[in-house]
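Please take a moment to look over the sequence and the model before reading on, and keep both in view while you follow the text.

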Number of protein chains: 2
Amino acid sequence: MATTSASKSSSLSARELRAWRGMLRAHAALTKALDADLEAQHGIPLTSYEVLLLLADAPDHRMRMSDLADAVLLSRSGLTRLVDRMARDGLLERETCDSDARGAYARITPAGLTLLAAARRTHLAGVRARFLDHVAADEQDLLGSCWERVLGDSAEDGVACG
Amino acid sequence: MATTSASKSSSLSARELRAWRGMLRAHAALTKALDADLEAQHGIPLTSYEVLLLLADAPDHRMRMSDLADAVLLSRSGLTRLVDRMARDGLLERETCDSDARGAYARITPAGLTLLAAARRTHLAGVRARFLDHVAADEQDLLGSCWERVLGDSAEDGVACG
DNA sequence: CAGCGCTGGTTGCGCGAACAATCACTCTTG
DNA sequence: CAAGAGTGATTGTTCGCGCAACCAGCGCTG
C-alpha cells in the first residue's frame, strides 16, 4: 500500500496513523505536562493561565465574557465558573459594561498580572522545551499551514456530502 | 534556531504561535467533531470507540485493563468506569485472568464488533475528511516525525536536563 | 412606549475523569 | 509457610465542563 491512494478502505495506513494518533498523543502529553508545570509552580491550571494571558494582552486589560469563552475554547457556562474561581482568588474581577447592561467584562487585577508574569516564563519555557525545540522553523511553518487548512474546513459544519 | 534565536524572550513568534496554538485549536475542533459524529450516528463517545477498536485488533479480542488504560490515555479508574458502561451496554464483557487472579480482561462482544464495524466507517471517514485530506502524504510523514520527537522527549519525565 | 424576539450571562443538573484510599492477590524473604 | 512489600483493579470523592433552562436587558416594530 505504498501510495495512500487505493486504501480508502477500512483502516489507515501506517503513515496516516503516525500523523493522526501521533497528534492525539502529543497533544495529551503536552497539555498534561504543561498543566502540571503551572499547577506545581504557580498553583493555577492551564485554562486559568490562558485567561490571564488573553486579558493581559487585551485593551484595558479586560475582555467580554463571550469573547473570552470563544478564545479559550470553553462554553459560556464553563467560562462563567472559571471566572468565578479566578475572581475568588483575586486574579481578576468582574466589571459591568456601561454600554450594555447585560454584558460583563473580566478584568485582570494587579495580582493577576504579577502571577502571569511569573507563570508566563514557566509556560513559555515548557512550550519551547517540550514542543517548539523539537520542531524546526520551517516545520513550524508547515504545521501552521496544516492547522489553517484543517481549521478552515472544520469551521464549516460537518463532513457534509462526500 | 536560525532566525528565531534572539527571541527566547517573553513571548512566542508569530510562527511559533501559529504552530502551537494551531495544534490546540485543531485538536479541540477535531476531537469535538469526531466525537459528535460517533455520538450522533452510533450512540457512543469517542473514548468507547477507541476501546472497541483496540480490543478488536488485539489477540483473542481482549486486553488487560491496565494496558487498555494506557492505550486510550485514560487513568486506571477512568477505564474501570468506562468498561462498566460499555459492559452494561453489551459492547464488551469482563473476563478473569487465569494466570493472575487479580487481573481482568476486557473482551469485545459480537455486538461490540458489529457496532465497531459501522462506527469504524464513520470515524475513518471523519478523520479523513476533517484531517488527513488536508495533509499531503509527505506532510503526514513530517508530522509523524515531529510527534515522535515530541513524545520521545516528554515520555522521559519533566523538562529535566539532558 | 408597550409588546416581543434576540442576545449576554448565570444557574441547575448530570457526566466523565482524576486522585487517593482500598481490596484482592502475587511474589519475595527469612 | 507466614509476614510484608508490591501490583492489578475497583470504589469514594471531588472537580471541571457542557447542555438546557433561565433571567435580564437590548432593540425592533407598530
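The paragraphs below go from the pairing of the protein chains to their core and then to the DNA strands.

This is a predicted model, and a good place to begin is the relation between chains A and B. Chain B is superposed on chain A, with an RMSD of 0.1 Å, by a rotation of 180° with 0.0 Å of shift along its axis. The two copies are thus related as by a two-fold rotation axis. Of the interface residues of chain B, 98% are also interface residues in chain A, so the copies meet through the same surface.

Turning to the interior, which residues have the most contacts inside the largest nonpolar core? They are Phe131(A) and Phe131(B), in a core that has 86 residues. As a general background, nonpolar side chains in soluble globular proteins tend to be buried together. If you look around Phe131(B), leaving aside residues up to four places away in sequence, you find that Phe131(B) touches Ala19(A), Trp20(A), Met23(A), Trp147(A) and Val150(A) from chain A, as well as Leu30(B), Gly126(B) and Leu143(B) from chain B.

Now consider DNA strand C, which has 20 residues around it, the nearest being Ser66(A), Arg94(A), Arg102(A), Ser75(B) and Ser77(B). Of the atoms of this strand that come within 4 Å of the protein, 60% belong to sugar and phosphate. Individual side chains show both kinds of partner: an N or O atom of Arg64(A) is 3.1 Å from a phosphate oxygen of DNA strand C, and a polar side-chain atom of Ser75(B) lies 2.7 Å from a phosphate oxygen, whereas the side chain of Ser77(B) places an N or O atom 2.7 Å from a base nitrogen. The elements that give two or more residues to this surface are α3 (65-71) and α4 (76-88) of chain A and α4 (76-88) of chain B, and α4(A) gives the most, with four residues. By character, the residues of the surface near DNA strand C divide into four nonpolar, seven polar and nine charged.

DNA strand D also has 20 residues around it, and here Ser75(A), Ser77(A), Ser66(B), Arg94(B) and Arg102(B) come nearest. Which element supplies the largest share of the surface near DNA strand D? It is α4(B), with four residues. A polar side-chain atom of Arg64(B) lies 3.0 Å from a phosphate oxygen of DNA strand D, while the bases are approached by Arg102(A), with a polar side-chain atom 2.8 Å from a base nitrogen, and by Arg102(B), with one 2.6 Å from a base oxygen.

Key:
Residues are numbered from 1 along each chain as its sequence is written. Chains are lettered from A and ligands numbered from 1 in the order in which they are written. This is a predicted model: local features need pLDDT of at least 70, side-chain atom pairs count only at pLDDT 80 or more; totals for chains, interfaces and linings use all residues. Side-chain values use heavy atoms; hydrogens and water are left out. Copies are superposed by least squares on the C-alpha atoms of residues with pLDDT of at least 70 in both. Contact means heavy atoms within 4.5 Å. A residue is near a molecule or strand if one of its heavy atoms lies within 4 Å of it. A polar contact is a pair of N or O atoms within 3.5 Å; within protein, one must be able to donate a hydrogen and the other to accept it, and residues adjacent in sequence count only if both atoms are side-chain atoms. Ala, Val, Leu, Ile, Met, Phe, Trp, Tyr, Cys and Pro count as nonpolar, Asp, Glu, Lys and Arg as charged, and the others, Gly among them, as polar. A nonpolar core is a set of buried Ala, Val, Leu, Ile, Met, Phe, Trp, Tyr and Cys residues joined through side-chain atoms within 4.5 Å. Buried means under 20% relative accessible area, exposed over 50%, partly exposed in between (1.4 Å probe, protein chains only).
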